[in-house]
Amino acid sequence: MVRFQRDHLETLLTAVDAGTFDAAARELSITPSAVSQRVKAMEQLVGRVLLQRTTPITPTPDGEIVLRHARQVRLLDEETSRALAVPGADGSGRTPSIPLAVNADSLATWFLDALVRVQRDTEVVFDLHREDQDRTAELLRSGTVMGAVTAEAAPVQGCSSVPLGIDRYRAVAAPSFVRRYLDGADTERRMTARLDRVPLVDYDRDDDLQQGFLRRVLGHAPRGPRHFVPNSADFARAVELGFGWGLLPEAQCRDALRSGALVELTPGRRADVALWWQRWATASPLLERVTDAVRTVAAERLHPPA
């Protein structure tokens with residue numbers, strides 16, 4: 001059985017989070033040589049390289065396993081320390097930090113409402129990693145985060161997975177955009193066909209939501225020009241301003257549709273994204289509290305799981 005020293009685990013974790021041995025040394029108040037020696041001692045113990053000495057430092061696949069263990073140990077230590085604290089004491093030790101991964105649209109529409117419920121009765125800080133829902137599970141695998149909103153249903157090794165619901169997207173555009181590019185498209189079928197060549201707004205070059213939507217209805221990707229706006233609120237604003245059409249979550253476009261600031265282009269065709277919550281299977285009251293809040297708010301804001 002491999003038994004790591006606690007200070008070695010904390011050093012590995014700090015080095016990865018800080019990005020370099022020098023930055024980790026400053027945070028730990030030791031020398032860069034001491035950081036390197038501790039990491040080497042861990043690597044000698046397991047007989048494998050744990051960190052790639054790049055800038056920033058990145059864990060190897062074996063390092064990711066140890067990194068996840070280090071985060072679990074830190075979380076359990078912090079929770080135990082808080083549980084044993086003397087009432088009324090100023091509370092030595094730092095506030096627990098929970099790293100979580102979430103897609104941009106969930107972050108912009110409902111996820112923060114879940115986390116604020118946790119903060120009302122729990123001392124905790126959140127380290128949020130914004131990533132596409134198709135890639136958030138990778139951050140769980142690497143040990144970077146403890147929980148994630150993801151489009152992946154199958155549990156990552158060492159994690160549990162529960163369905164959150166369906167985030168429904170509508171194809172929308174500004175009235176000025178419709179007049180300029182889609183004039184005369186008086187049926188949904190003609191409207192959809194015209195979307196093939198008109199400007200659209202994409203989140204970034206990895207965003208496949210709009211592309212996938214038209215592949216399903218037309219059989220091929222759109223060939224029109226693309227604007228790239230890598231921020232959820234700015235993306236919605238770009239669509240409202242008439243840069244192009246786009247798929248917006250109902251929560252982001254409902255009021256604008258009611259006021260006429262946006263027009264729904266394909267009322268009979270919408271894009272549904274199924275979301276799951278995955279978290280470490282470690283027994284942790286704090287992770288349980290986060291999970292309860294995330295599931296409760298998701299049930300209020302998303303469509304029921306299929």
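In this predicted model, R301 and D113 form a salt bridge, their closest N and O atoms lying 2.9 Å apart. R301 belongs to helix α12 (residues 285–301) and D113 to helix α5 (residues 104–119), so the pair ties together parts that are 188 residues apart in sequence. Neither location need be guessed from the drawing: R301 is partly exposed, with a relative accessible area of 42%, and D113 also counts as partly exposed, at 32% relative accessibility. The general principle behind such pairs is that side chains of opposite charge can pair when their charged atoms come close.

The wider setting of this pair may now be described. The chain has 306 residues, of which 47% count as buried. Its secondary structure comes to 12 helices and 11 strands. Taken along the principal axes, the box filled by the C-alpha atoms is roughly 70 × 45 × 30 Å. Among the contacts in the chain with a separation of 6 or more, 72% are accounted for by residues 24 or more positions apart.

The count of salt bridges in the model is 22. Another of them joins the side chains of R74 and E10, with a distance of 2.3 Å from N to O. Since R74 lies in helix α4 (residues 61–83) and E10 in helix α1 (residues 6–18), this pair ties together parts that are 64 residues apart in sequence. R74 is buried, with a relative accessible area of 19%; the cut-off for a buried residue is under 20%.

The two helices that carry R74 and E10 can be examined as a pair. How do the axes of α1 and α4 cross? They come within 9 Å and cross at roughly 110°. The helices α1 and α4 are therefore roughly perpendicular to each other, because angles of 65 to 115 degrees are placed in that class. The crossing of α1 and α4 is left-handed. On the α1 side, the contact is made by R6, L9, E10, L12, L13, T14, V16 and D17. On the α4 side, the contributing residues are V66, L67, H69, A70, R71, V73, R74 and D77. Both partners of the salt bridge, E10 and R74, thus appear among the residues of this contact.

From T14 of α1 the reader may proceed to helix α2 (residues 21–28), in which E27 lies. Leaving aside residues up to four places away in sequence, E27 touches T14 and A18. E27 and A15 are 12 residues apart in sequence, and their C-alpha atoms are 9.2 Å apart in space. Is E27 buried or exposed? E27 is exposed, with a relative accessible area of 56%.

A further salt bridge links E264 and R270, whose closest N and O atoms are 2.9 Å apart. E264 is buried, with a relative accessible area of 16%, whereas R270 is partly exposed, with a relative accessible area of 34%. This pair belongs to a network: salt bridges that share partners join R170, E250, R254, E264 and R270.

The cysteines remain to be considered. How many disulfides does the model contain? The count is zero. A disulfide would require a pair of cysteine sulfur atoms within 2.5 Å. C159 is buried, with a relative accessible area of 10%, and C253 is buried as well, with a relative accessible area of 0%.

Terms used. Residues numbered from 1 in each chain as written. Predicted model: local features only at pLDDT ≥ 70, side-chain atom pairs only at ≥ 80, totals over all residues. Heavy atoms only, no water. Salt bridge = Lys/Arg side-chain N within 4 Å of Asp/Glu carboxyl O. Helix = DSSP H or I, 4+ residues; strand = E, 2+ residues; numbered from the N terminus. Buried < 20%, exposed > 50% of the residue type's maximum accessible area, 1.4 Å probe, protein only. Axes fitted to C-alpha atoms, helices over the stretch in contact; angles between N-to-C directions. Parallel < 35°, antiparallel > 145°, perpendicular 65-115°, else oblique. Left-handed = near helix turned anticlockwise from the far one by under 90°. Contact = heavy atoms within 4.5 Å.
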